[in-house]
Amino acid sequence: MRQYFLSLVLLSLPFLVTAATSDFTIRTTIVDDANPPTTPTLLSVTPVASTQIDISWSTSTDDYLMGGYVLLRDGTPRATTTLTNFSDTGLTASTTYSYEVYAFDWTNNISSTSNALATTTLEAPVQPTSTVSTTSPSSNINSNQTIILKNINIQTQINSASLVWQTNVPSRYFLRWGRTDAYDGGYIANETYQATHNTVITNLEPDTVYLYELVGTSPAGINVVIKTGYFRTAVSQGVQNVQNVSRLTAEVLDRDVKLTWQLPIGDYTKIRIVRNHLGYPSDPLDGAFVYEGLGESYLDRGALNIHSPQYYTVFVIGEDGTVSSGAVVSAYLSGSGEVIEVGSSTASSTGVPVTPDIPLFGLDINDIVVSQGVNVFTFLSDSIALSHLEPFTISITHDALPKHLKSIIVTLLDPTDHRRSYSFLLKINNDGDAYEATIAPLNVLGVSRLQIEIFDYERMLVGKYQKQLDFKALKHQGGKEVIFPDAIVDSFSGDMKKYLIGLEFFSALLIFLLLASH
């Protein structure tokens, strides 16, 4: 028997015209929840391709708070989700699979297992003689074998474009784009057969026309160019960078992952957490949706049931729709984490652990910039002193990096505990001239290390640079750094501190005696 506390805040809003009140009542209810959710019913298991089966089930209810569902394939957990459907991919052609599902609530009660349904994947498609059609499909072609685009909608932002479209049959897609019909700007491929699709193209230039080509693959293995066209990104209005959350951590509890973070100060509407087992999500749609709201913690139940490690990105979404670069963290079962060995760690004279740099060919570290207000530093600066109470921005000039990079990750050591670190993604800014991340203040004094790691599309570490940061009690006035007297004293050695304190005391005593003699 377990007891759980639910706090309900009931606002007292009297219906008065002449006066308003901020009174409210907090009621605490002790919940004794031993009742599991109702058992879901498996409704359908439908083979849509030689490698995919779509499953759907009925909704379960709970007397307090539903959690979600666990889908079993051949008795083994396959997915944990809050939805009532799932596309199981990566299967073998002409193979029979059996499915069941059960529900759970947030107090760890689970329902009984549903009915079982089985089906067989389709036969492997015969390779067509022509791989990609260069014209739109004709209406007299068998619509069961080819793909017809039903509709498409494109919404553009300053540095991104979101596409939503539907096809007549479940299909996979391959989308590529660029400034010319060579479509050399990039591509996105999806391996799940669906009738409704959505994706986001990121790292685009403001106020720029892009051409795109959308290729669909039917379950029969037929590839068709279903749409070519163009779109123009929005004009930059000089939008300020949105701060990331701070102190993001992940704690593994069995196969659950508990995420905690601190919200930034400023104007924003919500945060959104996305996870992906292939790497850190680069935008709010690049992976599985985990959480959306204004909380500072979340328990991602069953996150490690199928894949380990899992990579999380927390995005802060501004009031104008601008998205932060993203704070990142990974979680993995013991013994399954990926470790990149780049050399043994040493300690600097300040006690901050350091590791050897991995220089990226052609990168001038003067292009790595740390800015806070009017103060601007580079990795060539002798020292970087920052206020502990203000946000700061890390940026790398866009043209200083090659285009084949997958991700740039910035890691900041906690100044008060060098065993803890917090990581962020660098993403193209609104003007398209630099990769940036804005970090909320940590509000603590001390010495930290800023490390930048650069990965290519093979997820290989191709560059690593680091710089010591000193978080001090500073104020910025007219572009000049003002240091408080106690900070000046702290900069001296122990003997000098004693000397200055003694001199201060002697001066005060002398002034007192002079005043007393008059």
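Reader: Where shall we start: how much surface does the chain expose, and what supplies it?

Author: The chain exposes about 27900 Å², and carbon and sulfur atoms supply 53% of that area. Accessible areas come from the Shrake-Rupley method with a 1.4 Å probe, and for residues only the protein chains shown count as cover. Please keep in mind that this is a predicted model: local features need pLDDT of at least 70, side-chain atom pairs count only at pLDDT 80 or more, and totals for chains, interfaces and linings use all residues. Residues are numbered from 1 along each chain as its sequence is written, and side-chain values use heavy atoms, with hydrogens and water left out.

Reader: What share of the residues is buried?

Author: A residue is buried under 20% relative accessible area, exposed over 50%, and partly exposed in between (1.4 Å probe, protein chains only). Of the 518 residues in the chain, 41% are buried.

Reader: How many helices and strands does the chain have?

Author: Helices (H or I, at least four residues) and strands (E, at least two) are DSSP runs, numbered from the N terminus. Here they come to two helices and 36 strands.

Reader: How do E3 and E4 pair?

Author: Two strands pair if DSSP finds at least two bridges between them. E3 and E4 do so in the antiparallel sense, over six bridges, and Ser-44 has Ser-56 in E4 as its bridge partner. A hairpin of two residues joins E3 to E4.

Reader: Where does Ser-50 sit, and what does Ser-50 touch?

Author: Ser-50 lies in the loop between strand E3 (42-49) and strand E4 (52-57). With a relative accessibility of 9%, Ser-50 counts as buried. A contact means heavy atoms within 4.5 Å. Leaving aside residues up to four places away in sequence, the residues that Ser-50 touches include Leu-91, Thr-121 and Pro-125. Across the chain, 64% of the contacts with a separation of 6 or more are between residues 24 or more positions apart.

Reader: How many aromatic pairs are there?

Author: Rings of Phe, Tyr and Trp (its six-membered ring) pair if their centres lie within 6.5 Å; planes under 30 degrees apart count as stacked, over 60 as edge-to-face and the rest as tilted. That rule gives nine aromatic pairs. Take Tyr-280 and Tyr-311: their ring centres are 5.0 Å apart and their planes stand at 80°, so this pair is edge-to-face. The pair links distant parts of the chain, 31 residues apart: Tyr-280 is in the loop between strand E18 (270-276) and strand E19 (288-293), and Tyr-311 is in strand E21 (residues 310-317).

Reader: Are Tyr-280 and Tyr-311 buried or exposed?

Author: Tyr-280 is partly exposed at 25% relative accessible area, whereas Tyr-311 is buried at 7%. Elsewhere, ring pairs link Tyr-210, Tyr-212 and Phe-231 into a cluster.
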